[in-house]
Amino acid sequence: MDAKRARSEAVIYYKFRKTKNKSLEWLWAAFRYALIIGISFVILYPLLQKVSVAVKAKEDIYNPTIYMVPVNFTLDNIRMAIELLDYWPLLGNTLLFVTVITLLQAASCALAGYGFARFDFPGSNVLFTLVILTILIPMSTLMVPMYLHFRSFDILGIVSLLTGKDGVNLLNTFWPSMITAATANGLKSGLFIYIFRQFFRGLPKEIEEAALIDGAGGFKTFFRIMLPNAVPPLLTVILFAFVWQYNDTFFTTLFMSESNLMPVNIAALPADASQQIPLMLGVGTNPNVKADPNYVAMVVDTGILLAILPLIVMYWFVQRYFVESVERTGVVG
Amino acid sequence: MLGVAFILPWLLGFLFLFAIPLVQSVKFSFNELIIAPGGYELMNVGWKNFNDALFVDANFNRILTDSVAAMLVDVPLILFFSLFAATLLNQKFKGRGFARAVFFLPVILASGAIASAEAAGLINLVGNSEAAKEVGDAQSGVDILSMVIMLDEAGMPRWFIDYIIEAVMRIYEIIRSSGVQILIFLAALQSVPAAMYEVAKMEGATPYESFWKITFPMVSPLILTNAIYTIIDSFTDSPVTQTIFATAFQTQNFGLSAAMSWLYTLVVGVLLLIVGVLISRKVFYYN
């Protein structure tokens, strides 16, 4: 009798525990979704707002009943922003620039990373410490000397020897960024060298020894064996270099303040917009006639959306590599 | 010698685009620099530039302390949030892929140009920057006062309430600058061997306990990495950098700008050192 009762009590207790665990799990799942949806909303809100503004007609600006979804749809804002930014040539130029820099940077950083990972030469540790130093020193420290350097560019006085002039002015060309990228000293290059070094150190040495025995030289081994194996860090570096270069304002305003590049033009867009829009609307050149500031803000927002659109489209296709690549590079391990 | 061949591009770049400019920058900070046709002239002024930066310039002092203080406030918040978000995204649930994609979106959208254009757009809208700031604050739409009262009644110390309120007010900025850190923490979480959790579960540890006894120690080396990354990342568009830039290229005072940037470097260097020493004492290395 007692044993039976104890057993049924145990069963009840067990069932109670089970339902308790289940409901706790369910509660946690609900809480988790609430959190994730909330944070996602905070991240996506500015983007959604810009999309909403981009298709909103002028008549809707002062309509207080509108939230997000406009009543009158229009493509005028987009047309206006494209015209103001001179969008398509600008985008082409920017993409060309960013792609060139990204590839140069990935190449030079891969070489340096491999050099530091596999070769012990006198001073290699000291030199790697210096790589870390390049990560830690703020860019503003080198700004003025670099600017002056590229303003009259000259390697060891060769140019002035040949032409008698004081070097070449490279500002407002692609060259300053290309030179810094090709020599692995561009934007966040120290970080990329570090990523490559960590990855190459994790690869087994036997691969190279086998290649060496089969008669491949050092560079051949690198290009034929090591580089094809280094897809994860290459992907990481290319993705981040592209994105950071596309968004960079520091070096672009320093070296190419007058060039036709997205970051420079976007930063100047608000001023341009308030100046140009009255003209474009055909109000004339009267300085006392100003466009509605709310309308100007709308066009500026549309312009910003157009500027980040290529990145978002790209991200749509490669976003899963972002996580995977960082996991596989071994930065963490 | 083959190794030297591999790092040669970097070495050349380092010498000509880092080491020499670095030395020049030190030199400039003790000189007055005048741009002359085809070059520049230097005039030695001793410590005057540093003196000017610290005691004469009206703003530099304040901007430097403000932005260092902001950095110190931000680092723990960003670390906490990114570890939390990474733990969340590491769990299995429906729509995880989408959630991850959204959480890393700030990595690609964090752009100085866009931020400044946005601020300018808002200024346009309201007329001046002070009003724009107020509107921005009002738009965040959080009922701060009720939260203060709630925390106060819960017996929280005053400084802690201030800190939390600060965090809530700037939640968007914190989320926006946490992308890379979440990525790094997530990678770290996935490298923790699953067997550890299984053993802990068998021994009767709750998920809460196994977080603090397993997850936290295992990812602690990355806390150091992320702290340093967060500090360095805050250079990129900090007000100090902007001030230094403006001093050089708008007021054309290159010497003063060099002195300012060296003061900034010094402060940041000391900060990194302190943070590094403090955190690395607590870090647990598995291997």
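The exercises below work through a predicted model of two chains, A and B.

Local features need pLDDT of at least 70 and side-chain atom pairs count only at pLDDT 80 or more, while totals for chains, interfaces and linings use all residues. Residues are numbered from 1 along each chain as its sequence is written, chains are lettered from A in the order in which they are written, and side-chain values use heavy atoms, with hydrogens and water left out.

**Exercise 1. Describe the secondary structure and burial of each chain.**

Step 1. Chain A has 14 helices and zero strands; helices (H or I, at least four residues) and strands (E, at least two) are DSSP runs, numbered from the N terminus. Chain B comes to 14 helices and two strands.

Step 2. Of the 333 residues in chain A, 46% are buried, and for the 287 residues of chain B the figure is 45%. Buried means under 20% relative accessible area, exposed over 50%, and partly exposed in between (1.4 Å probe, protein chains only).

Step 3. Take contacts (heavy atoms within 4.5 Å). In chain A, 73% of those between residues at least 6 apart in sequence join residues at least 24 apart. In chain B, residues 24 or more positions apart account for 65% of the contacts with a separation of 6 or more.

**Exercise 2. Characterise the interface between chain A and chain B.**

Step 1. Count residues: 86 of chain A are in contact with 85 of chain B.

Step 2. Take the area. About 7600 Å² is buried between the two chains, and carbon and sulfur atoms give 79% of this. Buried area is the accessible area (1.4 Å probe) that two parts lose on being put together, summed over both.

Step 3. Look for salt bridges, in which a side-chain nitrogen of Lys or Arg is within 4 Å of a carboxyl oxygen of Asp or Glu. The count between the chains is one. Asp233(B) pairs with Lys188(A), with the closest N and O atoms 3.3 Å apart.

**Exercise 3. Locate the largest nonpolar core and the residues that touch the most other members.**

Step 1. A nonpolar core is a set of buried Ala, Val, Leu, Ile, Met, Phe, Trp, Tyr and Cys residues joined through side-chain atoms within 4.5 Å. The largest one holds 161 residues, and those touching the most other members are Met143(A), Phe150(A), Phe200(A), Leu254(A), Phe322(A) and Trp10(B).

Step 2. Helix H3 (residues 60–90) of chain B gives the largest share of this core, 15 residues. Domain 1 (2–54) and domain 2 (76–329) of chain A both contribute to the core, so it lies between them. These bounds come from an automatic or database domain assignment.

Step 3. Leaving out residues up to four places away in sequence, Phe322(A) touches Leu239(A), Phe240(A) and Tyr315(A), as well as Val107(B), Ile108(B) and Leu183(B).

**Exercise 4. Examine helix H7 (residues 175–182) of chain A and the loop after it.**

Step 1. The buried residues of H7(A) are Pro176(A), Ser177(A), Ile179(A), Thr180(A) and Ala181(A). They pack against helix H3 (87–118), helix H5 (140–151) and helix H12 (250–255) of chain A, together with helix H1 (2–29) of chain B.

Step 2. Ala184(A) lies in the loop between H7 and helix H8 (189–202) of chain A. Its phi is positive, near 55°. Most residues other than glycine have a negative phi.

Step 3. Lys188(A) is placed in the loop between H7 and H8 of chain A, and has a positive phi of about 55° although it is not a glycine.

Step 4. Ala184(A) counts as buried because its relative accessibility is 2%; Lys188(A), at 25%, counts as partly exposed.
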